[in-house]
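Work through these short exercises with the model open. Each task is followed by a stepwise solution.

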Amino acid sequence: MPIKRGNKLVELREEVVKGLEREYQIGLRSAPDFTTFVNNLLLDVIRREEFLAKYKPFSHLNYAGSHAGSLFIRDIQRNVIAEITYKDELLYCNSPDSSSDCDHTRFATSLIDVAKYLQEK
Ligand SMILES: [Zn+2]
């Protein structure tokens, strides 16, 4: 199949293709075809990475690992380590400012580690 000038063929691993096809079938983002779906998804990932690199909304937070069903976020501004747990389909934070809607939980939802952690549950 000929490809457009400037485009590039990329080999994707089977597990990646299966995951992408699953997401495409679910239809959470509408796209006229699979190729457009994958391209738009990757553009969004690039935009998100560029945004986070430029604005650093969570520069005071770091992922500090997981243990026994909890994730830990180090907060150098407040000098605390927040423990994040998952319950009833929400992430909760145990730090004093805590709720399911603090910086720590917002930061946690931006981490790929959270997706891995939730997958294991
Ligand atoms: Zn918190």
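**Exercise 1.** What span should the 22 residues of helix α2 (residues 34-55) have, and how far apart are its end C-alpha atoms?

*Solution.* This is a predicted model: local features need pLDDT of at least 70, side-chain atom pairs count only at pLDDT 80 or more, and totals for chains, interfaces and linings use all residues. Residues are numbered from 1 along each chain as its sequence is written.
- Helices (H or I, at least four residues) and strands (E, at least two) are DSSP runs, numbered from the N terminus.
- The expected span is 1.5 Å times one less than the number of residues.
- For α2 that comes to 32 Å.
- The end C-alpha atoms of α2 lie 31 Å apart, which agrees.

**Exercise 2.** Does α2 lie largely in the open or not, and why?

*Solution.*
- A residue is buried if 20 or more other C-beta atoms lie within 10 Å of its own, with C-beta atoms placed from the backbone.
- The number of buried residues in α2 is zero, so α2 lies largely in the open.
- In the protein chain, 12% of the 121 residues count as buried.

**Exercise 3.** Which elements give two or more residues to the largest nonpolar core?

*Solution.*
- A nonpolar core is a set of buried Ala, Val, Leu, Ile, Met, Phe, Trp, Tyr and Cys residues joined through C-beta atoms within 7 Å.
- The largest one has 11 residues, including L61, I84 and F107.
- The contributing elements are β2 (70-75), β3 (80-87), β4 (90-93) and α3 (103-109).
- β4 gives the most, with three residues.
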